[in-house]
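I opened my notebook for a fresh look through this one. Here is what I looked up, step by step.

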Amino acid sequence: MLPYTTITAAETALNRPLTTLETLWFNYTSTKSDYYLYCHNILFLFLVFTLVPLFYIFTEVLFGRFVKGYKIQPKVKYSFGDNFKCYFDVMKVFVLVVGPLQLVSYPSVKMIGIRTSLPLPSLMEITSQLFVYFLVEDYTNYWIHRFLHGKWGYENIHKVHHEYSAPIGYAAPYAHWAEVLILGIPSFLGPAMVPGHMITFWLWIALRQIEAIETHSGYDFPWTFTKFIPFYGGADYHDYHHYVGGQSQSNFASVFTYCDYIYGTDKGYRYQKKVLQQLKDGLKSDGKQNGGSYASAQDIKSE
Ligand SMILES: [Zn+2]
Ligand SMILES: [Zn+2]
């Protein structure tokens with residue numbers, strides 16, 4: 001809740017007129033509690049998780065012929081029923097674990113100092129904080145994920161996430177409830193280290209979710225914005241981790257590629273890419289049609 005009762009009082013406190021966005025923020029939040037604003041995250045998570053994967057499903061249904069070249073594992077097909085089952089399974093964890101966790105974690109958000117007040121953060125503040133959040137999440141997630149690929153962690157927790165050897169958007173948060181809880185820590189660490197505005201926090205939770213859905217989408221589109229981000233892993237990168245499955249000791253990072261490079265856990269992936277390129281070059285010189293993924297490379301290899 002804002003410490004001003006009128007816009008005039010807010011402008012007096014800031015010693016300047018409110019911007020359009022600040023006026024909107026004032027009108028929306030002035031009578032709402034900080035707890036209520038924090039709980040918006042539950043709604044954003046639900047909307048992003050429900051709607052964003054639909055983009056990939058409808059793209060496949062409506063434009064399947066045009067996008068099949070970008071499908072990473074083209075031989076794997078999921079029906080509407082398969083997608084719905086995955087959605088339903090994740091929603092169970094969402095309702096039983098994620099939602100209640102959001103409801104009770106408010107004191108920690110208050111403690112680390114996420115603010116709801118005016119002035120609103122500048123674009124520079126938002127982007128630099130989001131950059132830190134992504135870096136911190138990526139690094140911490142890398143080590144937790146690597147630990148979960150140990151014998152105990154995999155057998156007892158992480159194998160649920162690997163039930164999809166060819167992932168789909170709805171499978172991004174498909175995991176054992178304990179993994180959902182554990183991986184909440186890296187997501188929370190960045191905001192705890194560099195606390196910002198509630199808007200930045202909302203954006204962070206939504207963008208991280210969208211990023212996870214993209215990397216599990218099963219499609220590696222060349223025109224996505226993320227292709228311009230240096231050291232960004234993307235769908236092909238994480239899809240390989242699922243393709244190899246439980247034996248995988250490669251591509252643990254959630255967002256960027258640098259951790260796997262530094263710690264030497266991307267060798268299998270880089271070898272596959274090299275083999276694929278050689279096969280493509282060979283096929284091109286033979287005048288044959290070529291495939292578009294490491295899965296295709298495996299198929300060609302076994303022929
Ligand atoms: Zn894994
Ligand atoms: Zn995954």
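For the helix and strand shares below, I counted DSSP runs: at least four residues for a helix, at least two for a strand. I also kept in mind that the model is predicted.

**Entry 1, the annotated span.** I checked the record and found that UniProt, in an unreviewed entry, lists residues 131-265 as "domain: Fatty acid hydroxylase". I looked up the make-up of that span and got 55% helix and 0% strand. The C-alpha atoms at its two ends are 23 Å apart.

**Entry 2, Ala166.** I went to Ala166 next and found it in a loop, with helix H8 (151-156) before and helix H9 (177-182) after. Is Ala166 buried or exposed? I noted it as partly exposed, because 19 other C-beta atoms lie within 10 Å, and buried would take 20 or more. Setting aside neighbours within four places in sequence, I listed Gln73, Val76, Gly218 and His242 as the contacts of Ala166. I also looked up Val61: 105 residues separate Val61 from Ala166 in sequence, and their C-alpha atoms are 18 Å apart in space.

**Entry 3, the two domains.** The domain assignment gave me domain 1 (1-32) and domain 2 (35-218). I read off 32 Å between their centres, taken over C-alpha atoms. Where they touch, 10 residues of domain 1 are in contact with seven of domain 2. On the domain 1 side, helix H1 (7-14) and helix H2 (20-29) each supply at least two residues, and H2 has the largest share with five. Sorting that side by class, I got seven nonpolar, one polar and two charged residues.

Methods
Residues numbered from 1 in each chain as written. Chains lettered and ligands numbered in written order. Predicted model: local features only at pLDDT ≥ 70, side-chain atom pairs only at ≥ 80, totals over all residues. UniProt positions renumbered as here; feature names shortened; annotations may be inferred. Buried ≥ 20, exposed ≤ 12 C-beta atoms within 10 Å, placed from the backbone. Contact = placed C-beta atoms within 7 Å. Domains from an automatic or database assignment. Nonpolar A, V, L, I, M, F, W, Y, C, P; charged D, E, K, R; others polar.
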